[in-house]
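Q: Please take a close look at the paired charged side chains in this model. I would like a connected account of where the partners sit and what surrounds them.

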Amino acid sequence: MHGMTQGDRGGLSDRERRVLELERGWWKHAPTKDEAVREQVGMTMGEYHPFLNALLDRPEALEHDPLLVKRLRRLRNARRGAGVGRRAAR
């Protein structure tokens with residue numbers, strides 16, 4: 001995946017660390033998440049979401065910021081579960 005290369009220390013790339021930092025507190029720096037993503041990471045939201053999802057599955061991300069990654073995984077799983085329930089109810 002584009003941009004998903006390891007950093008010099010064998011961990012996360014600079015972009016991956018910036019994404020985690022953004023998720024930690026984007027609302028402190030920008031009025032909208034779209035704007036924060038563009039300014040801080042240089043991606044569109046269409047690029048950002050797949051990048052973030054892949055990043056959350058990496059052991060290096062969990063090691064870098066376990067509380068944040070676990071919280072984001074729980075939110076992602078809850079959204080996925082809610083989507084499955086909505087489709088099944090149709």
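A: A residue is called buried here when its relative accessible area is under 20%, exposed when it is over 50% and partly exposed in between (1.4 Å probe, protein chains only). The model is a predicted one, in which local features need pLDDT of at least 70 and side-chain atom pairs count only at pLDDT 80 or more, while totals for chains, interfaces and linings use all residues. Residues are numbered from 1 along each chain as its sequence is written, and side-chain values use heavy atoms, with hydrogens and water left out.

The frame that carries these charged groups is helical: the protein has 5 helices and 0 strands (DSSP runs, H or I over at least four residues for a helix and E over at least two for a strand, numbered from the N terminus). Read from the N terminus, the order of the elements is α-α-α-α-α. Of the 90 residues in the protein, 32% are buried, and several of the charged residues discussed below belong to that buried group, E23, D65 and R76 among them.

The count of salt bridges comes to 7, a salt bridge being a side-chain nitrogen of Lys or Arg within 4 Å of a carboxyl oxygen of Asp or Glu. One of them pairs K33 with E23, where the closest N and O atoms are 2.8 Å apart. Because K33 belongs to helix α2 (residues 33–41) and E23 to helix α1 (residues 14–25), this pair ties together parts that are 10 residues apart in sequence. On the acidic side of the pair, E23 is buried, with a relative accessible area of 6%.

Helix α1 also takes part in a second salt bridge, this time through R24, whose partner is D65, with 2.5 Å between the closest N and O atoms. D65 sits in the loop between α4 (59–64) and α5 (66–89), whereas R24 is in helix α1, so the parts joined by this pair are 41 residues apart in sequence. The two partners fall into separate accessibility classes, since D65 is buried at a relative accessible area of 13%, while R24, at 32%, counts as partly exposed. The side chains of D65 and R24 also make a polar contact of 2.5 Å (a pair of N or O atoms within 3.5 Å, where within protein one must be able to donate a hydrogen and the other to accept it, and where residues adjacent in sequence count only if both atoms are side-chain atoms). In addition, a polar atom of the D65 side chain lies 3.3 Å from the backbone nitrogen of L68.

A third salt bridge joins the side chains of R76 and D57, at 2.8 Å from N to O. R76 lies in helix α5 and D57 in the loop between α3 (45–56) and α4, so this pair ties together parts that are 19 residues apart in sequence. R76 counts as buried, its relative accessibility being 7%. Salt bridges with shared partners also link E16, R58 and E60 into one network.

Within that network, E16 is a residue of helix α1 and counts as buried at 0% relative accessibility. R58 is placed in the loop between α3 and α4, and with a relative accessible area of 13% R58 is buried as well. The side chains of E16 and R58 are joined by a polar contact of 2.5 Å. The C-alpha atom of E16 is 7.1 Å in space from that of L55, although the two residues are 39 apart in sequence.

L55 leads from the charged groups to the nonpolar interior, for L55 is among the residues with the most contacts inside the largest nonpolar core, together with V19, L20, L22, M43, Y48 and A61. That core has 18 residues, a nonpolar core being a set of buried Ala, Val, Leu, Ile, Met, Phe, Trp, Tyr and Cys residues joined through side-chain atoms within 4.5 Å. Two or more residues each are given to the core by α1, α2, α3 and α5, and the largest share, 5 residues, comes from α3. If neighbours within four places in sequence are left aside, V19 is in contact (heavy atoms within 4.5 Å) with V41, Y48, F51, L52 and L55.
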